[in-house]
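Let us take a walk through a protein chain together, starting with the overall picture and then stopping at a few places along the way. Please keep the viewer open as you read.

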Amino acid sequence: PNGAGKSVLVEAILWTLWGRTRTTKDEVRTSGVNADCVTEIEFEHEGHLYLVRRTISGINHHVRAEAHADGLQIAEGVKDTARYVHSILGMDDLAFRASVFAEQKQLAAFSQQTPSERRRLVQQLLGITPLEGARDRARKDARAAEEQHAKLRQVLPDLVALRVTVDDAGAEADARDADAKSEETAATAARQQATGITAAFDALDQVRQRHDVLMSEGKGARGEHDELVSRVSTLEHELAELSGASARLAELGPVVAQGTVARTRLDLVEPVLASAAAAAALPAVTVPPEPDEDGAEVVRLEAEQAGAALAGIDGRVAGARAALDAARGAVARAGELSGSEDCPLCGQALGDAFEQVQSHRATELASAESTLAGLERERKQLEKVAKATAAVAAGARRALKAAQEAWAAYQRVADRRASAVEAFEKALAALGADPGDVPKITAERDELRAIAAAAEAAANECRRLEGRLDRSDALAGQLADSRRRAAEVAERLASLRTQIKQLGFDPDALDAARQARDTALEAAETTDRVARQARLVAERSRMHAEAQLKRLAEAEEQHALITDLAEDARHMGRLAELLNAFRNAVVATVGPRLAAHAADLFGELTDQEYDRLEVDPETYELQIRDAGSAYGMARFSGSETDLANLALRVAISEHVRFQSGGAVGLLVLDEVFGPLDDERKERMLVALERLKGRFRQILVVTHASEIKEQLPNAIQVVKLPGRRATARVVGT
């Protein structure tokens with residue numbers, strides 16, 4: 001059936017031999033199956049048995065191939081196997097496909113397509129199309145070379161003008177180079193002159209530096225000498241003062257002793273006056289009334305009792321209101337009854353008791369209302385009492401708190417005053433005085449302080465005099481050393497003055513030398529800058545000359561290139577002409593040969609019923625000559641048309657094998673029976689029988705089940721679920 005995979009079997013031949021298929025290698029394996037996909041072709045050729053195996057394996061669809069001859073492995077690998085098959089069969093995969101495989105669409109194209117489409121198909125099968133492609137590419141390359149040659153000729157520079165420009169640029173560069181050398185010579189002379197003047201200035205500057213050093217040393221020596229002289233004077237004065245230090249120490253001894261006695265007495269006087277001042281500084285306070293905590297507690301209890309009574313009456317009022325609501329409900333229910341109805345409680349007839357019930361319910365309601373009114377009056381009275389007692393309790397709490405704070409403040413002041421009085425009494429007892437002696441003690445304190453201060457000053461002076469007396473020997477040594485050093489510094493100062501005078505430094509001469517040096521350096525820098533500028537101009541001129549020379553070389557190269565390009569264009573044009581002539585020669589040779597082969601085969605297939613089959617060598621149009629006249633295929637029935645197309649297709653296959661040098665006795669006809677009726681199918685089967693003399697093996701692909709019954713061998717392709725199929729041999 002259609003879609004089962006009949007054509008896949010014959011296409012597997014091309015895949016196994018050369019690895020060529022309509023799909024990519026990752027689509028060859030059955031969808032969803034990752035196991036190895038193995039195809040094998042076993043064929044006999046020229047007395048030898050060959051086997052070619054091709055395998056796809058792994059997730060990367062790796063392809064392996066190998067070839068065997070007479071049971072021995074000869075080739076392994078994709079490329080080696082393809083080359084070996086080519087060497088055996090004498091043709092590549094394209095020639096094999098054109099010579100072996102014939103499809104219904106190809107046969108129909110010979111008689112149904114336009115002349116141009118028919119010619120393209122035949123030339124493609126014959127392998128002439130690559131010649132036309134090579135010819136067209138050669139023509140295209142020739143046109144491109146000619147266009148490039150024309151464009152380059154328009155932009156080619158003038159070699160004569162360029163050579164003149166190169167000469168002028170070289171002369172200009174030489175002139176600028178001579179100018180630069182002249183300026184560089186002048187700059188060298190200026191630098192040499194500046195070097196001499198700078199050397200003279202450096203000599204004077206060294207004298208200046210020596211003068212500055214001597215002056216600095218002289219200033220230091222002068223300052224040191226003045227300092228030593230001052231120190232000698234100070235030491236002499238200090239030693240003179242030390243001669244009266246012993247007498248002064250004797251005078252200060254009694255004063256220091258009086259200070260000790262005064263400080264002892266002052267240690268007793270100071271606490272008395274301090275405690276008296278502390279007691280006097282405390283403020284006078286009035287004794288406040290003591291807090292009445294018992295009275296405040298009585299008022300608080302009264303307020304709590306009034307609140308409790310108010311809470312109790314609230315509960316009773318709530319109960320009375322509930323009782324009133326119940327009485328009102330009973331009255332309402334009693335009002336809904338009548339004397340003829342039964343009692344809602346006992347179920348007996350009310351009768352005369354109806355009025356008693358009504359009177360009883362009214363009495364209960366009046367009693368409840370009276371009780372509630374009395375309780376509400378009592379509650380109002382208790383509420384007034386509770387508010388009054390609560391206000392009195394709050395005032396009592398505030399008064400108690402204020403009295404407690406006032407009493408605490410009084411206690412603190414009283415404690416501080418008692419402590420001050422106690423300290424004052426202790427200080428008076430230690431001094432042995434009475435409270436009335438405070439004014440006298442105050443005067444005594446001032447006198448004692450004055451005596452202590454004088455004693456402190458005398459003690460300090462004694463310590464200073466004692467220290468100076470201890471240093472008298474050291475001062476004498478320092479005085480002698482200072483006098484010696486002062487003499488040495490005076491001698492060095494005199495020597496420095498002599499050296500400065502002998503140096504003869506002239507500041508004016510140094511300034512004049514500095515000015516001359518600056519002028520010479522500026523002149524040297526100016527000439528050097530001019531020389532650098534001249535050298536830069538010379539280098540630019542030289543670069544310009546080199547650029548012009550490079551342009552000339554490029555122009556000469558372009559002239560040479562355009563000459564080569566013109567020659568290439570001529571050669572490519574000649575190649576296109578030769579290829580076209582070769583293609584025409586091939587076509588001219590192929591046309592008659594195809595016509596002869598197709599005519600012979602058509603005569604065999606039709607038992608020489610017609611004169612001959614003619615094939616136009618240019619358009620490959622088929623005509624059948626009958627009774628001396630040529631007729632188009634439209635005049636004949638479908639059988640003659642099919643046989644004519646088959647004859648031309650077989651002739652093409654034989655010609656391809658002839659061109660390639662191969663000898664493959666195989667023909668595959670794919671779906672050539674599809675559009676034929678029963679009579680035409682019979683004619684085609686008879687034609688295939690007659691082709692057995694030209695081909696050792698013919699494979700026919702068809703979905704017509706009646707055909708297999710008439711063929712010597714048949715392979716049936718059976719369709720399975722899941723887009724799968726299997727093949728089996730059905731008979732011989």
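What follows is a tour from whole-chain totals down to single residues.

First, a word on what you are looking at: this is a predicted model. The chain has 732 residues, of which 32% are buried. Its secondary structure consists of 16 helices and 12 strands. The exposed surface comes to about 43700 Å², with carbon and sulfur atoms supplying 53% of that area. If you take the contacts between residues at least 6 apart in sequence, 72% of them join residues at least 24 apart.

Let us begin close to the N terminus. Helix α1 covers residues 6-18, and its buried residues include Val-10, Ile-13, Leu-14, Trp-15, Leu-17 and Trp-18. The buried set of α1 also takes in Lys-6 and Glu-11. Just after this helix comes Gly-19, with a positive phi of about 75 degrees. Trp-15 has a further feature to look for: Arg-54 lies over the face of its ring, 5.7 Å from the ring centre.

Two residues of α1 also appear in the contacts of Ala-82, which lies in helix α2 (residues 78-89). Leaving aside residues up to four places away in sequence, Ala-82 touches Leu-17 and Trp-18. Is Ala-82 buried, exposed or partly exposed? Its relative accessibility is 21%, and because the buried class ends at 20%, Ala-82 counts as partly exposed. From Ala-82 to Asp-92 there are 10 residues in sequence and 8.4 Å in space, C-alpha to C-alpha.

Now turn to the strands β1 and β2. They run antiparallel and are joined by 9 bridges; in one of the facing positions, Ile-41 stands opposite Val-52 of β2. In a regular strand, side chains alternate between the two faces of the sheet. You can follow the two faces of β1 here: Cys-37, Thr-39, Ile-41, Phe-43 and His-45 make up the covered one, while Val-38, Glu-40, Glu-42 and Glu-44 make up the uncovered one.

The hairpin of β1 and β2 has 2 residues between the strands. Glu-46 is found in that loop, and it has a positive phi of about 55 degrees although it is not a glycine. Most residues other than glycine have a negative phi. A second case is His-61, again not a glycine and again with a positive phi of about 55 degrees. His-61 is found in the loop between β2 and β3. Which of these two residues is buried, and which is exposed? Glu-46 has 63% relative accessibility, so it counts as exposed. His-61 has a relative accessible area of 19%, so it counts as buried.

Between those two loops sits Thr-55, placed in strand β2 (residues 48-57). Thr-55 is buried, since its relative accessible area is 8%. What does Thr-55 touch, not counting residues up to four places away in sequence? Its contacts are Asp-36, Cys-37, Val-38, His-62, Val-63 and Arg-64.

Next, the aromatic rings. A search of the whole structure finds 2 aromatic pairs. One of them is formed by Phe-43 and Tyr-50, which are stacked at 5.5 Å centre to centre with 25 degrees between the planes. Why does this pair count as stacked? Because planes under 30 degrees apart are classed that way, and the angle here is 25 degrees. Phe-43 and Tyr-50 are both buried. Ring pairs link Phe-43, Tyr-50 and Tyr-84 into a cluster. Elsewhere, the charged end of Arg-517 sits over the ring of Phe-201, 4.2 Å from its centre.

Our last stop is an open sheet of 3 strands, in the order β6-β7-β8 with antiparallel pairing. Its edge strands are β6 (612-615) and β8 (629-632), each pairing on one side only. Neighbouring strands in this sheet are turned by 35 degrees against each other on average, direction ignored. Strand β7 (residues 622-626) is joined to β8 by 4 bridges, and Arg-625 has Ala-630 as its bridge partner in β8. Packing on this sheet is helix α13 (residues 507-605), which touches β6 and β7 and whose direction makes about 155 degrees with that of β6.

Terms used. Residues are numbered from 1 along each chain as its sequence is written. This is a predicted model: local features need pLDDT of at least 70, side-chain atom pairs count only at pLDDT 80 or more; totals for chains, interfaces and linings use all residues. Side-chain values use heavy atoms; hydrogens and water are left out. Rings of Phe, Tyr and Trp (its six-membered ring) pair if their centres lie within 6.5 Å; planes under 30 degrees apart count as stacked, over 60 as edge-to-face and the rest as tilted. Buried means under 20% relative accessible area, exposed over 50%, partly exposed in between (1.4 Å probe, protein chains only). A charge sits over a ring if NZ of Lys or CZ of Arg is within 6 Å of the ring centre and within 35 degrees of the ring normal. Two strands pair if DSSP finds at least two bridges between them. Axes are lines fitted to C-alpha atoms, for helices over the stretch in contact, and angles run from 0 to 180 degrees between N-to-C directions. Contact means heavy atoms within 4.5 Å. Accessible areas come from the Shrake-Rupley method with a 1.4 Å probe; for residues, only the protein chains shown count as cover.
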